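Please read the following note with the model open beside you. The points are numbered so that each can be checked in turn.

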Amino acid sequence: MAAVPTTQMPVNFAYSNALELPHMPDMVFPNNVLSLKHQNGASLQFNALDALRYVSNGKINVQLACAEAWKESRSESSEYLEEKIKPFDWTFTTNYTGTISGFKVEETNERIDMDKLKQRDKIMFYHDLTLFEDELHDNGIAASSVKIRVMPGSFFILLRYFLRIDNVMLRINDTRIYHEIGKNYLLREFTSREAKVKDIRVSPALFLEPSAIAPHLPLTGSRYDKLMVPEKEEVKLHEDTTAQNETMTEKKLVQSDEHTADSSIT
C-alpha cells in the first residue's frame, strides 16, 4: 500500500485536539508507522502523532521575516493572530526519539560503530517513511522521516527532523538506533545540530540535502542511551503482577505503509 499525504479535515481535527496545536503541517502521514516488537514484549515505534507531540505550543525564540508570511498563508484562521490563541513553533521542531515500551533505558558511553555501518553488508530489508512535512509557505522545509535498514547481523534506524529556513538557518535532529543480533540491548543516539546560514562556509547546494550538510553544522546537544531488552523471567513476573492488579493492557502494532526508498542512511 502506498502512503498518501493526509491533510483532510478529519485527520487535522483529530490531531489538533490531541496536540492542542493551532495548525498542522502541510502534509501529515498518519498511516506511516514503523513498529518493531521483541519476543519478550519490548516494543519500539515511530509515528507522526507522537513526533508532533514534541512541538512547542508556546512562544519560540526564532524571530524571522518569513514568520509573517507564514502567518498570512494561514489567514483563514484569523484568530491565530489574536492573543487568545497561543503562538506555537511554526517550524514544527521536534526532538522525538521514538515511542518505546518495555525497555530499561540507561545512559551509556558505548557508541554506534559508524565504520561498521559503512561496510557493504547485504541489505535484507529497507524502508523509508515520511511522518510529516511542511514547506513553510515556500520559505524552506520542515520534515520528519524515519528509515530502517536490516542486515544479516544487525539493523539500523535513522529518525530525522530536518529544518531549512531559506537564507536564515538550518537545523537537524537525528536519532540513530542500532542493534546487533545476539546482544540484549539497542544503542540510541540523539544529536541536535543547527547554524545560521551566514555562518555556514560551504556551498548552498548542500543545504538541500540533510546528509550532506549535517557534518557542517555544529553540535548543539546530544544524548546516548542503551535500551535494555528485559529477560523472559522479568517479563513473566511483570505479567503476573499486572494480571493480579487487573491492569493488563494490550498493545497493537500498526504495519507501515510505503513511501520512498533511499538505502544510504547513516
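Which strands each supply at least two residues of the lining of the largest cavity? They are β8 and β9, and the points below lead up to that cavity by way of the sheet and the core.

1. Basis of the note. This is a predicted model, in which local features need pLDDT of at least 70 and side-chain atom pairs count only at pLDDT 80 or more, while totals for chains, interfaces and linings use all residues. Residues are numbered from 1 along each chain as its sequence is written, and side-chain values use heavy atoms, with hydrogens and water left out.

2. Confidence. The average pLDDT (the predictor's confidence in each residue, from 0 to 100) is 81 for the protein, and 71% of the residues score at least 70. For residues 1-8 pLDDT stays under 50, and the model has 20 contacts beyond four places in sequence for them, a contact being heavy atoms within 4.5 Å. Residues 234-262 also stay under 50, with 44 such contacts. Where pLDDT is low, the predicted coordinates should not be read in detail.

3. The sheet. Eight strands form an open sheet in the order β1-β6-β7-β8-β9-β10-β11-β5, with antiparallel pairing; strands are DSSP runs of E of at least two residues, helices are runs of H or I of at least four, both numbered from the N terminus, and two strands pair if DSSP finds at least two bridges between them. Because β1 (27-28) and β5 (104-107) stand at the edges with a single partner strand each, one side of each has no neighbour in the sheet. Strand β9 (residues 169-180) runs antiparallel to β10 (residues 185-196), and 10 bridges join them.

4. Two buried strand residues. In strand β8 (residues 154-165) lies S154, which is buried at a relative accessible area of 6%; buried means under 20%, exposed over 50% and partly exposed in between, with a 1.4 Å probe and protein chains only. Leaving out residues up to four places away in sequence, S154 touches R149, Y178, H179, E180 and I181. K147, in strand β7 (residues 140-151), is buried too, at 14%, and its C-alpha is 4.3 Å from that of D128, although the two are 19 residues apart in sequence.

5. The cores. The largest nonpolar core (buried Ala, Val, Leu, Ile, Met, Phe, Trp, Tyr and Cys residues joined through side-chain atoms within 4.5 Å) has 36 residues, and F46, L52, F132, V146, I157 and L186 have the most contacts inside it. Among the elements that each supply at least two of its residues are α1 (9-19), β3 (43-46) and α2 (48-52), but β8 gives the most, with six. A second, separate core has 12 residues, including L170, V197, I213 and L217.

6. The cavity. There is one cavity of 30 Å³ or more, and the largest cavity holds about 60 Å³ of space. On a 1 Å grid over the protein atoms alone, a cavity is a set of points where a 1.4 Å probe fits but cannot get out, and lining residues have an atom within 4 Å of a point; points are joined across faces, edges and corners, and the volume is the space filled by probe spheres set on them. Among the lining residues are Y96, L159 and T175. T175, found in strand β9, is buried at 1% relative accessibility, touches both Y96 and L159, and has F190 of β10 as its bridge partner.

How values were computed. 1 Å grid on protein atoms, 1.4 Å probe; cavity = no way out; pocket = protein on both sides within 12 Å on 5 of 7 lines; lining within 4 Å.
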